[in-house]
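Subject: Handing over the structure

Dear colleague,

I am passing this structure on to you, with some notes on what turned up in it. Please have it open while you read, since the notes go from place to place.

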Amino acid sequence: MFLQNRCKKLWAVLLAMTIVFSGINFSFDSSYKSIIQLGGRVEAAAPVIISSWPSQNESFSENYTSIDPKITISNVLYQRLACRYYIDSEYTVRGTRYIESTTYSVVQIVFSNPSLDLSSLSEGVHKIRYEIYNYSDGSNTIHSVDFIVDRSGPIIGPVTLSSTTSTVTISGSATDISGLATDITRVNEIPYRYTINEGYEVSNWTNLTTFTSKKYLPPNSGVRVEFEAKDIHGHITSYTGYTYTKANLPSLVVNNASSYTLDITPNDGNNAAVYYMIKVNNSQYLTQEGTLTSSPVWIHFTESSRKIITLKGLTPNTTYTFTAKARNSNNEETAEGSSISCTTLVAPPGSPANIIATATDRTITVSWDAVNGAIGYDIEADGVVIDNSTATTYTHRNLNSGTPHKYKVRAKNAGGSGNWSAEISKSTLPGSPDIPQNLNTIPLSTSVTVTWNNVPGATGYDIEVDGVLVNNGPSTSYIHNSLTPGTHHSYRVRSINPGGKSEWSSYVNTTTLVDTIPVPINIAAVPALNKVTVSWDPVDGASSYDIEVDGITFDNSNRTSYTHSNLVPGTSHKYRVRAKKGGKVSEWSSMIVSNTLTNAFGTPANFKANANDTSVALTWDAVPESEGYDVEIDGVIIDNGMETSCIHDGLTPDTSHTYKVRARKGSETSEWTQLLSVTTYKLQTPQNITASSDETSITVNWSPVSGATSYDIEFDGSIISDIFETLNLGIQSAKFSSVTTGSAISTLTTTTESAIELTTGPAVMAAENSTGLVTYTITGLTPKTQHTIKVRAVNENGTSNWSTPINQSTRFTTGNAPNVSGLVKKTAVTVMWNAMDGATSYDIEVDGVIASNVTRTSYNSTGLIPGSEHKYRVRAQNSSGEGTWSNTFTVSTLPEGPAIPTNIVTSGNMTSILVTWDKVTGAEEYEIEVEIQD
């Protein structure tokens, strides 16, 4: 067909020429059909534009700044023509060419000089319109062609991004006025290309409108995508977008269980930017702070290396079940992962109770009640924590006599350590008591009560019960309970005081009775604001009852009720009852506990009286919301206003008085306190008690008391009697043999310059010196030990009240100084030293400046310059003064180190990870820590 058309065109051109044959002219119109004119004259056919350039819809890029339009015209033989062209709807001719009686039937016209300036045309579709004017007949032949000016890239349509946990998919398309590159046989003439993370992955040019990344992308990683489209001129337009891969499905790990906490860790490979919703027991949710809430909440883990949140406030020994779902940075959520359960540990045990410390001159033994559920105990002795295994006793050995020590205990189990008990103090003291005498037993059917005489100076007793040692505290009786009727038992006792233990007494043996008395039943307690009324059923044949009230036993006669009065509102009290018949008693009933009612207005508590020879001082605790207090003094009620103390003065020595107090609020009054009966002392309490000391002795001074013939001093719990006051006889010095605490002290009057010398061992001296004070000295003491001292006056009629206790320490031994060490940092030094026995505080000299009243054995010196030198020394302080300075500790802070590397960047593939960072000035080498996670 193509060859046939070409032949037709050539044939038309040839025949268009004027041919004279047999008097007939032949010509062809634009349809190549001949036009025949008879008569021997040729009739001119109309000009025909058989081709033009640009061709229809031909496109020109910015590479074409100008073109020369062309047209090819037939039927122009011997004709005079004017050829013009216009652009778009313009009426101004862009170019004109003329044809004057050409001898050619077909001609080509090129419109150049000037050429068509494409740069002056706007981008888009334009029309070039050709006109051929025929001067012979005035006809116009018009021919129009569309062409395109294209300087821009394609127009990109909607682009969608989607992802999985490790891939990104891009879908898009584009259009172009000139058309997209479509030659798939040439790489650069295919319309689309896709780029992931600025070159991390780049596709080939493709005609596909969807692309999924092939290289691995981590979960919830930010992905920058680029979608490019290209037209036939090579113009490229790109779209840049940002998305995230999805988060991995969470898999939780729950561990590090304690009694009240669990550690929750997502084990999923997600990064720190992923948020989680963690459901607990299918009804609550974990918060960022590690608490539980009923509302759904998203949380994230700021420490990507650990990814742990500790859930707090849980119930001990309880199972918790966790599920989680994750959300990436595009807020796309995963499904819930598998659930996991974990159980909290049992609760830590309670604090040990009944902490008891017993001492000898060289040891202190601490014991406590076993704590239910405990598997071990720690004891803190003088600040040092010791693992005491499962034992409920601890002996602190190799101590100096007369020295104070502090202890507290805590129990442990699988749930951890419980709270510390209250701290107790105990001092080692010299001397041991006598053997207890007059051991007696009172056997019952299921118990035996053992009694013995009080031992002067004893502070407690051990009783051996059927071979088992029992610490009985200060009580001189012991009840052996839960025995079988008709069984034999043996007991022996020894006394204890701070100085040690006596030898054991002889054994006493007894047999429990066979018959029994019923135990009272139906014990009931009715609490009120300031009292509790206890009642019980009568026991047949019982002649009387004992009631134990908060550990104290009272004979209640034959009454079956008891009222416990003058109690503080909101306090707890314990009661139990036993029946008595003849010389026999029943077992105790079960213990009941009752709390007084809670009310802000109640009976004053802690009502105390402190007597002197001519006065009695009364004090009590304030009652909340009270408006005043009434005090009954010897039966007379006095309005004391709002004051919580008063002094009954001007009394006669050795006279008895009674007191009680109640609170008022408007017309309401509380119950009266329990009546206090007080007898004034025969002598005035010694005044102006002072003490001074050196390393091995303490001297006590006080003002003489009128009418006193001697004085007693209580020294660390031991009473020293018969300290006499004498006249100044001018004796300058005297020397006595050693005497022991508690013995009578020889006396003499001294002047200010005189002294009393004791040759050996602990001894005491007393005299009235020239200042009018009575002086008393104890020697042979241990350096740096603290002692408690009280004084009272004595005559043949009786004693005064004890003076207010004072504490005094012996001075530190010369040269006995702390050993100083330190922990050095760049801008701080922590100075440490060993604890000094008897020290109440420490002085530390820091670069020449002294800081006082330091109660710990360490000191932080901060704000220092790296690489600077500093000097420290320490001395101890107590009530007797300061000790010796330690050696000077000289140290320099660490020099400034290199800066932390910054701009740490990682990139990786399936088999390697590249880590880079900025160079640190002055650094000689680097260390890198690599943590591999499953």
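A good place to begin is strand E82 (residues 889-892), where the side chains alternate: Phe889 and Val891 point to one face and are buried, while Thr890 and Ser892 point to the other and are not. In a regular strand, side chains alternate in this way between the two faces of the sheet. Please keep in mind throughout that this is a predicted model. The partner of E82 is strand E80 (residues 869-878), and the two pair in the antiparallel sense over four bridges, with Glu869 standing opposite Ser892.

The next topic is the nonpolar interior. The largest nonpolar core has 23 residues, and Ile73, Ile99, Ile109 and Phe147 are those with the most contacts inside it. Two or more residues each are given to this core by strand E7 (70-74), strand E8 (80-87), strand E10 (106-110), E12 and strand E13 (140-149), and E8 supplies the largest share, four residues. Leaving aside residues up to four places away in sequence, Ile99 touches Ile73, Val76, Gln79, Arg80, Leu81, Cys83, Val107 and Ile109. Phe147, for its part, also belongs to a cluster in which ring pairs link it with Trp53, Phe60 and Tyr64.

His126 deserves a separate look, and its place is in strand E12 (residues 124-134). Is His126 buried or exposed? With a relative accessible area of 6%, His126 counts as buried, because the value falls under the 20% cut-off. The side chain of His126 makes a polar contact of 2.8 Å with that of Asp88, and, again not counting residues up to four places away in sequence, His126 touches Leu121, Val145, Asp146, Phe147 and Val149 as well as Asp88.

Turning to the aromatic rings, a search of the whole structure finds 21 aromatic pairs. One of them is formed by Tyr194 and Phe211, which are stacked at 5.2 Å centre to centre, with 10 degrees between the planes. This pair links distant parts of the chain, since Tyr194 lies in strand E18 (residues 192-196) and Phe211 in strand E20 (residues 210-212), 17 residues apart. Both Tyr194 and Phe211 are buried.

Finally, there are two places with a charged residue over a ring. The charged end of Lys230 sits over the ring of Trp205, 4.3 Å from its centre, and Arg327 lies over the face of Tyr275, 5.2 Å from the ring centre.

With best wishes

Methods. Residues are numbered from 1 along each chain as its sequence is written. This is a predicted model: local features need pLDDT of at least 70, side-chain atom pairs count only at pLDDT 80 or more; totals for chains, interfaces and linings use all residues. Side-chain values use heavy atoms; hydrogens and water are left out. Rings of Phe, Tyr and Trp (its six-membered ring) pair if their centres lie within 6.5 Å; planes under 30 degrees apart count as stacked, over 60 as edge-to-face and the rest as tilted. Buried means under 20% relative accessible area, exposed over 50%, partly exposed in between (1.4 Å probe, protein chains only). A charge sits over a ring if NZ of Lys or CZ of Arg is within 6 Å of the ring centre and within 35 degrees of the ring normal. A polar contact is a pair of N or O atoms within 3.5 Å; within protein, one must be able to donate a hydrogen and the other to accept it, and residues adjacent in sequence count only if both atoms are side-chain atoms. Contact means heavy atoms within 4.5 Å. Two strands pair if DSSP finds at least two bridges between them. A nonpolar core is a set of buried Ala, Val, Leu, Ile, Met, Phe, Trp, Tyr and Cys residues joined through side-chain atoms within 4.5 Å.
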